[in-house]
Amino acid sequence: MAFSFTAFTGSKFLIDKEYFRQQVLDTIINMPRTSSIPPLHPDQVSSTAMNDRVVVGDSEVVVSNDQDSINSLEFGNEIVYYHPIQGMIFAYPKFQFDWDQLSWIRAFSTMRFVHELKFAESNPNVVAHFLHINSGGGEAWMMPIAAAAIHECRKPVYAFVECTCASAAYWLASQASVIKTFTASDLIGSIGMYAHCLDTSEWLKMNGIKEVEVYASRSDLKNKMMRDVLNGSPDQYITEILDPDMEQFIVDVRKRSKLSGLPDDSPVLRGEIFRAEKALDLGLIDGVLSDFSMAVQEAHDLGIQVRDSNQLLTNI
């Protein structure tokens with residue numbers, strides 16, 4: 001049997017189309033062809049770098065993820081570190097094609113994200129982290145490590161959502177000090193786990209291709225869980241693969257004080273997704289703020305407050 005099998009924490013109706021497109025593209029770009037999709041050149045990849053000065057009233061806040069500039073003191077020592085969490089979440093760094101912008105982009109990577117968190121945490125010029133989120137979720141692997149890295153930050157972590165913060169994206173956001181959305185209609189939640197399985201055996205058969213798998217006599221359990229899923233018996237995969245990760249997901253989400261007392265049968269913990277106005281009532285977020293600059297300012301002010309408080313304790 002030919003199949004593609006990937007474990008996701010994503011909200012299914014939010015990310016399946018993107019995942020399918022990416023899988024098709026990953027297949028196509030390895031085949032000789034004439035196509036309107038431009039070839040991948042690293043110097044033409046859309047950048048997620050941020051170097052900006054946000055002005056709110058009479059004050060100015062620097063938000064950046066340019067590590068050289070941060071190290072050089074070019075921007076001073078009250079920098080808000082910018083972490084864009086956009087689109088599909090992957091574990092390893094990779095490039096993907098953005099069908100809306102018709103350009104290559106550097107996809108979000110939890111592994112790279114953890115490295116940047118550690119850099120910002122250890123850099124005395126950074127006072128806070130700013131997670132700028134619009135994502136329906138992604139790969140489950142590495143999520144517990146990334147969530148733990150956020151939870152362990154001593155500097156404040158401010159999560160600001162524009163449009164969607166679902167599943168794996170909310171797993172990350174739930175560890176932040178503050179979570180706010182841009183509009184009351186943003187989508188929040190989808191705390192759940194599923195696996196995406198693509199069985200291509202019928203397509204291969206229609207094209208005259210027969211795939212044969214032969215197992216050694218003592219390898220009867222090799223790929224058994226995957227084969228069982230394709231044959232309509234997913235119980236072992238659910239209990240041994242999906243459920244343990246789901247339990248860790250819930251443990252991490254409950255670290256957020258407003259969600260710590262949720263009963264196990266709450267729709268919040270069973271994959272439901274909510275508009276921001278409802279999410280606020282449920283404790284999934286802390287507010288709605290339709291002003292990006294003000295959100296950056298709040299992150300900065302929180303960072304200064306925490307830094308000054310820590311310095312006071314040290315002096316005492």
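These are my notebook entries on a predicted model.

**Overall make-up**

I began with the whole protein. I counted 10 helices and 15 strands in it. Next I looked up burial. Of the 316 residues in the protein, 44% are buried. For the surface, I noted an accessible area of about 16,600 Å². Carbon and sulfur atoms hold 53% of that surface. Then I turned to contacts with a separation of 6 or more. Residues 24 or more positions apart make up 71% of these.

**Helices α3 and α4**

I went on to a helix pair. Helix α3 covers residues 110-122, and helix α4 covers residues 143-151. How do their axes cross? I found that they come within 10 Å and cross at roughly 20°. The angle is under 35 degrees, so I entered α3 as roughly parallel to α4. I also noted the hand: α3 passes α4 in a left-handed crossing.

Which residues meet between α3 and α4? From α3 I listed Thr 110, Phe 113, Val 114 and Leu 117. From α4 I listed Met 143, Ala 146, Ala 149 and Ile 150. I sorted the residues of this contact by type. Seven are nonpolar, one is polar and none is charged.

**Two residues with positive phi**

I then checked backbone angles. Met 142 has phi near 85°. That is a positive value in a residue other than glycine. I placed Met 142 in the loop between β9 (126-135) and α4. Is Met 142 buried or exposed? Its relative accessible area is 9%. The cut-off for burial is under 20%, so I logged Met 142 as buried.

Cys 163 was my next entry. Its phi is near 95°, again a positive value in a residue other than glycine. Where is Cys 163 found? I located it in strand β10, residues 157-166. Its relative accessible area is 43%. That falls between the 20% and 50% limits, so I put Cys 163 down as partly exposed.

**Ala 169**

I moved along to helix α5, residues 168-173, where Ala 169 is found. Ala 169 has a relative accessible area of 0%, and I recorded it as buried. What is Ala 169 in contact with, leaving aside its neighbours within four places in sequence? My list reads Ile 89, Ile 133, Ser 135 and Gly 137. I looked up one of these partners in more detail. Ser 135 and Ala 169 are 34 residues apart along the chain. Their C-alpha atoms are separated by 5.9 Å.

**Gly 76**

My last stop was a loop glycine. Gly 76 lies between α2 (67-71) and β4 (79-86). I read a relative accessible area of 24% for Gly 76. This is over the 20% limit for burial and does not reach 50%, so Gly 76 went in as partly exposed. How far apart are Gly 76 and Asn 125 in space? I found 6.6 Å, C-alpha to C-alpha. In sequence, Gly 76 and Asn 125 are 49 residues apart.

Technical notes
Residues numbered from 1 in each chain as written. Predicted model: local features only at pLDDT ≥ 70, side-chain atom pairs only at ≥ 80, totals over all residues. Heavy atoms only, no water. Axes fitted to C-alpha atoms, helices over the stretch in contact; angles between N-to-C directions. Helix = DSSP H or I, 4+ residues; strand = E, 2+ residues; numbered from the N terminus. Parallel < 35°, antiparallel > 145°, perpendicular 65-115°, else oblique. Left-handed = near helix turned anticlockwise from the far one by under 90°. Contact = heavy atoms within 4.5 Å. Nonpolar A, V, L, I, M, F, W, Y, C, P; charged D, E, K, R; others polar. Buried < 20%, exposed > 50% of the residue type's maximum accessible area, 1.4 Å probe, protein only. Areas by Shrake-Rupley, 256 points an atom, 1.4 Å probe, with all protein chains shown as cover.
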